[in-house]
Amino acid sequence: MSEILLQIDGTEVKAAEGMTILKAAQSAGIYIPTLCHHEKLEPYGACRICVVEVDARGRKGLVAACLYPVESDLVVRTRSEKVDKTRKILLEQLLAHAPDAPALKDLAQQYGADKDRFAKESSFCILCGLCVRYCAEVKKKNAVGFVDRGASREINFVPEIASEECWNCKECFPLCPTSYLQAAYHLTEALAFPRAALKPASGK
Amino acid sequence: MARINSPAELEKFRKGILSKRDPHKPCIAVCTGTGCLALGAAKVVTAFKEEIKKKKLGTKVDVVDVRETGCPGFCERGPIVVIYPEETCYLQVQPGDAEEIVSQTVLAKKVIDRLLYVDPTTGEKIVRESEIPFYKNQMRHLIGNNIKIDPKSIEDYLAVGGYSALVKALGQMTPEQVVELVKDSNLRGRGGAGFPTGKKWEFTRNSPDQTRYVIVNADEGDPGAFMDRALLEGNPFSVLEGLTIGAYAIGSHEGYFYVRQEYPLAVENVTLAIKQAEECGFLGKNILGSGFDFTIRVHRGAGAFVCGEETSLLMSLEGKAGEPRARPPYPAVKGLWGKPTNINNVETWANIPLLINNGAGFLTSIGTEGSKGTKIFSLVGKVNNTGLVEVPMGITLGDIVYKVGGGIPGGKKFKAVQTGGPSGGCIPEKHLDIKVDFDELKKVGAIMGSGGMIVMDEDTCMVDVAKYFLNFLTGESCGKCSPCREGIRQMLKILTNISKGKGREGDIELLEDLSEATRDASLCALGGSAPNPVLSTIHYFRDEYEAHIKEKRCPAYVCKELISYHIDPDKCQACMICLRKCPAEAIAGDKNQIHIIDQEKCTKCGTCFEVCPSRFAAVRRISGEPVPPPIPEEARMIIRESKGKKK
Amino acid sequence: MDDDKIDKIIDKYPSDPSSLIQVLLEIQSENRWLPKEALKKVSKKLKVPLNRIQHIITFYKAFSVVPKGRHEIHVCTGTACHVRGAQRVLDTVQALTGIKPGETDQDLKFSLETVNCVGCCALGPVMVIDGEYHGKMAPAKSEDVLKNYE
């Protein structure tokens, strides 16, 4: 694969063709914050916290570092007035859902985000999709998925699959930044799994 | 129908069709597009057919044809009937008119005055369709044929020269030459983004993968826009032909029509057109003996505005939820199933046969420096001549609204034109002189979009317009990325509060902050352009926002929580009309008792305001001030004398 | 809806995930809603996991997971209809039927939906009931129009 030279925060970075800005930055020890990104999963580009400012072919704009492929002579800024302003308001919007999520609180401090800027939302899921993607791509069970769209988008367990698979798995639980996943699982379990289908606790 | 295997066979077939058609034979063309069908066009057709049967005109000697055609665009005056060869145009035709039309106009060649268009300024009655100002001021290259052909008949399409462009492209041009021609014409995509079509074709053609796809984006989701519907219902073959030529140029052998399921007639006509084209050999293997293979499949949308965005459309075609993909890579490089794909709008494809037949100059001789050719707009809302208009790029907005559109009905004052749907902006009166073209519209904070042009008058509240679009987008956003999903949610909350009188100082600034983040960080253009209606209405109509926030007043009397209806006791004549018509039964009164509105029951529907006779004009709208308390019962009695009244 | 009918529909299309939406559209059109059994069958035959089907039937407005009424009322809330007062028509229809958009009444008589433009903007406000278009609607007209449906 051919080598690509780009500039991140003034530093020249060597990257391989097909790499994303995020990967290239990480390889050069440059930090870019993420929420919905995970090493084991395909990059998703939903939270947009990783937005960086790029100059490419005369055009300037914000792009998601986790998805944008490196190009030669790309000029990337991981912090700038625009980047910081954008990350701050994105965080404030997510904090309206999950003000106590540790990852959000950390980032909020870094960017001066005010958790009370927006009125509290009823759901504390931030729709990062880590649970859905992990179950689909790593476990290949598809026990949990998205439903609906827009402001009504939610995660939802498929009772038929979850009742068979989740009891002994629960590998997605530690991935959830807000613990909404655990709450959703227990609610589904209480409402939808027939008692007889529940497997006894394995003692783990 | 026998398969046509060569250009020579096609010409023979075409000549055969034309020889059987007498241009002097009367033809009654009735628009049966969805709009006119909704106004009863099917019954009009039946009435004509029955009348002809009665007079025994369609038996041994075929004396008159009845043709069910596509939409000619003058939707305000449907059902539309045009009698050929004279081109006599009758408007708002009812089934009961059929007898008179057949006997007077078709047989006796006399014109029926009451069915003609009357020029509102001169009072002149106009007979010929092309002389009606609505049509005269247009340049109808793409939709002009709609009233002349039956969209369900490939023979009709061939009779007006259809498929001669395909013959020329396949037989006399290389694929590269076709691409160059499209590039030379400077045709820009008609779906909204305005990307140079030839360039896009070239990118797709140059992608190394040999499996390539071409797609017609017929998901026309902008509310208020129905240009593509008219083209697909009225002349589907023109789009098919354009797609086939494009496939040849790009090196694709498989095409898709992605049509929204809310257009059942378009789906039907396109599906039928493909079937007929296959039977005739214009699709399938070795088209017209050229060695070029191409098949098309129809794929229906399932009710999602976001699927009009090209990467969402691809996801939907792949059987997935319509969540956009990041670009780069662009569909021209990695599209459907990861293969190079070229997606264009219906109107863009429909331009292609004209280009091939007439050369690049056909487009470059029309329009402005940056925007060539014609554009179809759906001119709707508060305008006299609502319908579809095809005009040259560069025409002024004012000309469209006034010359073609006939101005604002009811003597109301023009306020703004909204272009570009939920991604667009509102253009106020001071910019009516701008030339309509991709770049000029951008300069005033709007976009061309797919062609929706909504005219608004003094009775339109611009805060309500912004709220309307955000409400629309809240439901249509796919919800994947947070700047769009959350940003629009928060903006809608603020606008809803403002419209309910709960706006606060700082709301406008917060809207602007949210707009910036949503615009800059969203995954796709839905989120990226969602703030446009908000920003453009704040820019041009800030005073309305401030009235709502500071004075709790809606200047246009639209926002329900901020308005009240009140019957002026000095003007009310107790005629009982509003009392009877009130859907909420909120008006109390009697024959001789002044009516009063129970503000608790009133749903602010506005019926009373509309039905109160203008000579009384007793109902008034109030905003920003308290409603006067009801006058005491005793004072409400009207004692009528032979003249005047006493209280 | 019997198994046979569902099988017939599925067999019309290639047996892979790309046919999912087209198959579901046909089942929805035939049956007026999508029962769980039908979805399980589609999942098996087209090799699509249930969670994706779940997403698609809730993502796209054309699908319904509950039975619809005998008469489907679609009130157009496109921009052109909106500026001509569609909201007031919708409010009146809601009041007359007792249901909100997305709902079906107790007797399974009416289902109400808003639709984002049916392409008849010149006739706005437009209301479509069972595929029949009613143009130039006004709140006062709504009752008369609805009366005709049993």
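Buried area is the accessible area, probed at 1.4 Å, that two parts lose on being put together, summed over both. Keep that in mind as we walk through this predicted model, starting where two chains meet. Between chain B and chain A, the buried area comes to about 2,600 Å², and carbon and sulfur atoms give 50% of it. Chain B brings 32 residues to this contact, and chain A brings 30.

Charge plays a part at this interface too. Side chains of opposite charge can pair when their charged atoms come close. Across the interface of chain B and chain A there are 9 salt bridges. One salt bridge to look up in your viewer joins B:Glu516 to A:Lys85, at 3.0 Å from N to O. Both of these residues also belong to a network of salt bridges. From chain A, the network takes in A:Lys82, A:Lys85, A:Lys88, A:Glu92 and A:Arg117. From chain B, it takes in B:Asp513, B:Glu516, B:Arg519 and B:Asp520.

Let us now step back to chain B as a whole. Its domain assignment gives domain 1 (7–132), domain 2 (162–364), domain 3 (374–457), domain 4 (462–550) and domain 5 (562–642). If you place a point at the C-alpha centre of domain 3 of chain B and another at that of domain 5 of chain B, the two are 37 Å apart.

Next, turn to a pair of helices in chain B. Two packed helices are described by the angle between their axes and the distance between the axes. For helix α19 (residues 482–499) and helix α22 (residues 532–550) of chain B, the axes come within 11 Å and cross at roughly 40°. On the α19 side, the contact is made by B:Leu495, B:Ile498 and B:Ser499. Their partners in α22 are B:Val534, B:Tyr545, B:His548 and B:Ile549. Sorted by class, this contact has 5 nonpolar residues, 2 polar ones and no charged ones.

For a residue tucked away from solvent, go to B:Thr69 in strand β2 (residues 65–69) of chain B. Buried means under 20% relative accessible area, and B:Thr69 has just 1%, so this residue counts as buried. Leaving aside neighbours within four places in sequence, B:Thr69 is in contact with B:Ala29, B:Val30, B:Cys31, B:Thr32 and B:Gly33, and also with B:Asn146, B:Ile147, B:Ile149 and B:Pro151.

Finally, let us follow some salt bridges within single chains. Over all chains, the whole structure holds 73 salt bridges. One of them pairs B:Glu86 with B:Lys109, at 3.2 Å from N to O. B:Glu86 sits in the loop between β3 (81–84) and β4 (88–90) of chain B, while B:Lys109 sits in the loop between α4 (98–107) and β5 (117–118), 23 residues apart. B:Glu86 is partly exposed at 32% relative accessible area, and B:Lys109 is partly exposed at 45%.

Another salt bridge connects B:Glu254 and B:Arg297, whose closest N and O atoms are 3.5 Å apart. B:Glu254 lies in strand β8 (residues 254–259) and B:Arg297 in strand β9 (residues 295–300) of chain B, so the pair ties together parts 43 residues apart in sequence. B:Glu254 is partly exposed, at 27%, as is B:Arg297, at 42%.

In chain C, C:Asp11 and C:Lys45 meet in a salt bridge at 3.5 Å from N to O. This pair links helix α1 (residues 3–11) of chain C, home of C:Asp11, with helix α3 (residues 36–46) of chain C, home of C:Lys45, 34 residues apart. C:Asp11 is exposed, with a relative accessible area of 52%, whereas C:Lys45 is partly exposed at 31%.

Definitions and conventions. Residues numbered from 1 in each chain as written. Chains lettered and ligands numbered in written order. Predicted model: local features only at pLDDT ≥ 70, side-chain atom pairs only at ≥ 80, totals over all residues. Heavy atoms only, no water. Domains from an automatic or database assignment. Axes fitted to C-alpha atoms, helices over the stretch in contact; angles between N-to-C directions. Helix = DSSP H or I, 4+ residues; strand = E, 2+ residues; numbered from the N terminus. Contact = heavy atoms within 4.5 Å. Nonpolar A, V, L, I, M, F, W, Y, C, P; charged D, E, K, R; others polar. Buried < 20%, exposed > 50% of the residue type's maximum accessible area, 1.4 Å probe, protein only. Salt bridge = Lys/Arg side-chain N within 4 Å of Asp/Glu carboxyl O.
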